[in-house]
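Trainee: Before we rely on any of the labels attached to this model, could we go through the reasoning behind them, one at a time?

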Amino acid sequence: MRNVLITGCSSGIGYCVAKGLRERGYQVYASARKQEDVERLEGEGFKTLQLDLADPESVQDAVYELMLRTNSELYAVFHNGAYGQAGALEDLSREALEKQFATNVFGWHQLTTMLMPIFRQRNEGRIIYNSSLLGYVALPFRGAYNASKYAIEGMADTLRLELADTDINVCLIEPGPIESRFRANALQSLKEQVSIDQSVHRLKYQGNIQRLEKEGPAAPFTLPPEAVLAKVILALESHHPKARYPVTVPAHLFWTLRRILPTKWLDKVLLRISNKENQ
């Protein structure tokens, strides 16, 4: 029974992957930021950790507890806990951007560096990052989230090279639209961090808000979180895992378009998508 740590398990992708891996026989340690979510996961029989990725002390405490409970034996970490800060870049303060990176990038990095001695001691393991198609193409009003995922892509690519002489594998999962609470959380962060009525983009924000408030899938080709679970299983169990696992038709499509289209043409495609969303 291999030990796997998963962050951001309160709902959506993290919860689905935690359940799916537990059913496959993995010893899953499911983490969540809020105590009530930790208690709910415990009630479902999960081994749990309370972990706030934006809080360095919380990350440190969670790793120490994990080491004690697993006797410093860990096969994999699935970095998933994150949120999307919506809003035009000119409307976001430095504080809002720092908060986005504290959870989506700095917390992941701290967790990786603290777990690395465990992986190196055994000279094996899987470090799996849940990125996004927005880690390689950009869309308006998602700049903070775009930047955080671009950073994760760069960190994962670098780490993969630095670990090339080991049996520690680094993989990126790159989902397109997935059914989750992501939009609801993005809407909350938008209202908290952006003065919408004072923005030059206030009319466009109306379309953004309608999209974020929409019940059910808000984009074509949206898949359930089980689609991500399938790729995580491949990243965990393949003898030679891939560096990248796109998920959903849009993720595959935009990976191809990014490579073959001139930047100006790709910008036109992305702007057309954004304008359609905001109608």
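Mentor: Let us begin with Trp255, bearing in mind that this is a predicted model. Trp255 has a relative accessible area of 22% and is called partly exposed.

Trainee: Why is Trp255 called partly exposed?

Mentor: Buried requires under 20% and exposed requires over 50%, and because the 22% of Trp255 falls in between, the residue is partly exposed.

Trainee: What makes the aromatic pair of Tyr136 and Trp255 edge-to-face?

Mentor: The ring centres of Tyr136 and Trp255 are 4.9 Å apart and their planes stand at 85 degrees; since a pair needs centres within 6.5 Å and edge-to-face needs planes over 60 degrees apart, both conditions are met, and the pair is therefore edge-to-face. Tyr136, for its part, is buried, with a relative accessible area of 3%.

Trainee: How do you know that this pair links distant parts of the chain?

Mentor: Tyr136 sits in the loop between β5 (125–130) and α5 (143–162), while Trp255 belongs to helix α9 (residues 249–260), and the two are 119 residues apart.

Trainee: Why is the pair of Phe101 and Phe106 called tilted?

Mentor: This is another of the five aromatic pairs that the structure holds. Phe101 and Phe106 lie 5.9 Å centre to centre with 55 degrees between the planes, and because stacked applies under 30 degrees and edge-to-face over 60, the pair is classed as tilted.

Trainee: Which of the words buried and exposed applies to Phe101, and which to Phe106?

Mentor: Phe101, at 18%, is buried, whereas Phe106, at 51%, is exposed.

Trainee: Turning to helices, why are α1 and α8 called oblique to each other?

Mentor: The axes of helix α1 (residues 12–23) and helix α8 (residues 226–237) come within 9 Å and cross at roughly 55 degrees. Roughly parallel would need under 35 degrees and roughly perpendicular 65 to 115, so this angle leaves the two helices oblique. The crossing in which α1 passes α8 is right-handed.

Trainee: Which residues of α1 and α8 meet there?

Mentor: From α1 come Ile13, Cys16, Val17, Gly20 and Leu21, and they meet Glu226, Val228, Leu229, Val232, Ile233 and Leu236 of α8. Nine of the residues in this contact are nonpolar, one is polar and one is charged.

Trainee: What makes Asn80 buried?

Mentor: Asn80, in the loop between β4 (76–79) and α4 (94–122), has a relative accessible area of 11%, and because that is under 20%, Asn80 counts as buried. Among the residues that Asn80 touches are Ile13, Trp108 and Asn130.

Notes:
Residues numbered from 1 in each chain as written. Predicted model: local features only at pLDDT ≥ 70, side-chain atom pairs only at ≥ 80, totals over all residues. Heavy atoms only, no water. Axes fitted to C-alpha atoms, helices over the stretch in contact; angles between N-to-C directions. Helix = DSSP H or I, 4+ residues; strand = E, 2+ residues; numbered from the N terminus. Parallel < 35°, antiparallel > 145°, perpendicular 65-115°, else oblique. Left-handed = near helix turned anticlockwise from the far one by under 90°. Contact = heavy atoms within 4.5 Å. Nonpolar A, V, L, I, M, F, W, Y, C, P; charged D, E, K, R; others polar. Buried < 20%, exposed > 50% of the residue type's maximum accessible area, 1.4 Å probe, protein only. Phe/Tyr/Trp six-rings, centres within 6.5 Å; stacked < 30°, edge-to-face > 60°. Lists of a residue's contacts leave out its neighbours within four places in sequence.
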